[in-house]
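Here is a friendly round of questions about how labels follow from cut-offs. Have a look at the structure first, and then we can go through the terms together.

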Amino acid sequence: MSEVIVITSGKGGVGKTTTTANIGTGLALLGKKVVLVDTDIGLRNLDVVMGLENRIVYDLVDVVEGACRLKQALIKDKRYDGLYLLPAAQTRDKNAVTPAQMVKLCDELRNEFDFILIDCPAGIEQGFKNAIAGADKSIVVTTPEVSAVRDADRIIGLLEANEIRNPKLLINRVRQDMVKRGDMMSIDDIIDILAIELIGVVPDDENIIISTNRGEPAVTDQKSLAGQAYRNITKRVLGENVPLMDLNVSEGLLAKMKKLFGIKPA
Amino acid sequence: MMDLLKLLGLKKQSSKDVAKERLKLVLIHDRSNVSPQFLEMVKSEIIKVIQNYMEIDEDSLDIQLTKTNSEDGERVVPALVANIPIKGMKNAGR
């Protein structure tokens, strides 16, 4: 049985695309056949995050308009077996696709793939409606900030109103040092407010920017803490029960040495 | 120690507690702010059910989403308040 999972957030810039890229790559590394669908028409980015921007010929709009066959638009990621990208169109707008067309597309993709991950645009308008149209499940990405949590709450309401039950929460960019000081909402605080099930927590990690610079998802980086977090989340997507990782080890060697000698970190 | 300082008013409330309190309040408002179409849907369903048992004055029926204190009085929770004037009972209801 294939699953269509939409990755959404309401607010922009909280890490939907990064999450889509990492969970998708993680699933492929575990032997699943995966397609990443970028529905952010006009502002596509999943292609650059995946490092596949130079291989785009056709896009999502070409497929739904019948300008090409689905197989022609799918970009095979040569680095990871079983991983494909369906890029968004860059020169069109969200209204170029309808929810009904998205349902049809998702159903077509189900024949070929174990997992169809839909990268949703920010906002709650047409792009959001398209992205969730064909989805069975959803992952709501948020960060420990009032604006992101508020928007996540709105999105959770809209998902449930559209019969996408049990959305899962991914809390991104957690800074454990700030949580300890009482200057950032903790995982428990956010779950308390949003009252949905947690699928994982990703620490704020500069390796994410480094890996995005290179177009290589952090999930493949064994040394990165965020990479480990995404590997755990991938397993949870597959139904495995993986305990939350300890975010406290996020300090680098230098910070640990400083602490050892009683030097306050800058 | 932190709590003691807080009690004495010497320590400022942590910024995450401020964030949490503000969020809780704003979400009560957000969550109760439903679309008129949604309320219209609820209204027509309620009328349908009640009309099986009573004759009601549809024109002066009033239904709205508002806030009320929870039973323990500690929280503010959303509430659906409906004011439905009854004209008479139907035989089926007896």
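Q: What makes a residue buried, partly exposed or exposed?
A: Buried means under 20% relative accessible area, exposed means over 50%, and partly exposed lies in between, with a 1.4 Å probe and protein chains only.

Q: Why is R181(A) called buried, exposed or partly exposed?
A: The relative accessible area of R181(A) is 47%, so R181(A) is partly exposed. D183(A) has 34% relative accessibility and therefore counts as partly exposed too.

Q: What should I know about the model and the numbering before going on?
A: This is a predicted model, in which local features need pLDDT of at least 70 and side-chain atom pairs count only at pLDDT 80 or more, while totals for chains, interfaces and linings use all residues. Residues are numbered from 1 along each chain as its sequence is written, chains are lettered from A and ligands numbered from 1 in the order in which they are written, and side-chain values use heavy atoms, with hydrogens and water left out.

Q: What makes the pair R181(A) and D183(A) a salt bridge?
A: A salt bridge is a side-chain nitrogen of Lys or Arg within 4 Å of a carboxyl oxygen of Asp or Glu. For R181(A) and D183(A) the N to O distance is 3.5 Å, and their side chains meet in a salt bridge. Salt bridges that share partners also build a network, joining D189(A), D192(A), K16(B), K20(B) and K24(B).

Q: Why can such side chains pair at all?
A: Side chains of opposite charge can pair when their charged atoms come close.

Q: How do you know that K94(A) and D40(A) form a salt bridge, and where are they?
A: Their closest N and O atoms are 2.7 Å apart. K94(A) sits in the loop between β4 and α5 (99-110) of chain A, and D40(A) in the loop between β2 (34-38) and α2, so to speak of distant parts fits a pair 54 residues apart. Helices here are DSSP runs of H or I with at least four residues, strands are runs of E with at least two, and both are numbered from the N terminus.

Q: Which label does each partner get, buried or partly exposed?
A: K94(A), at 21% relative accessibility, counts as partly exposed. D40(A) has a relative accessible area of 16%, so D40(A) is buried.

Q: What makes R110(A) and D136(A) another such pair?
A: The N to O distance between their side chains is 2.9 Å, and they meet in a salt bridge. R110(A) lies in helix α5 and D136(A) in the loop between α6 (126-133) and β6 (137-142) of chain A, so the pair ties together parts 26 residues apart in sequence. R110(A) is partly exposed at 22%, and D136(A) is partly exposed at 33%.

Q: How many salt bridges are there over all chains, and how many across the interface of chain B and chain A?
A: The structure holds 20 over all chains, and the rule finds six across the interface of chain B and chain A. One salt bridge joins D192(A) and K24(B), at 3.6 Å from N to O.

Q: What is the buried area between chain B and chain A?
A: Buried area is the accessible area (1.4 Å probe) that two parts lose on being put together, summed over both. Chain B and chain A bury about 1200 Å² between them, 57% of it on carbon and sulfur atoms. In chain B, K16(B), K20(B) and L23(B) lose the most area to chain A, together 44% of what that side buries.

Q: Why is D77(A) called buried or exposed?
A: D77(A) has 2% relative accessibility, so D77(A) counts as buried. D77(A) is placed in the loop between β3 (75-76) and β4 (83-86) of chain A.

Q: Which residues does D77(A) contact?
A: Contact means heavy atoms within 4.5 Å. Leaving aside neighbours within four places in sequence, D77(A) is in contact with M50(A), L52(A), R55(A) and L83(A).

Q: Where is R55(A), and what is its label?
A: R55(A) is in the loop between α2 (46-50) and α3 (60-64) of chain A. At 32% relative accessibility, R55(A) counts as partly exposed.

Q: How many disulfides does the rule find?
A: A disulfide is a pair of cysteine sulfur atoms within 2.5 Å, and the count over all chains comes to zero. C68(A) is buried at 10%, and C106(A) counts as buried at 1%.
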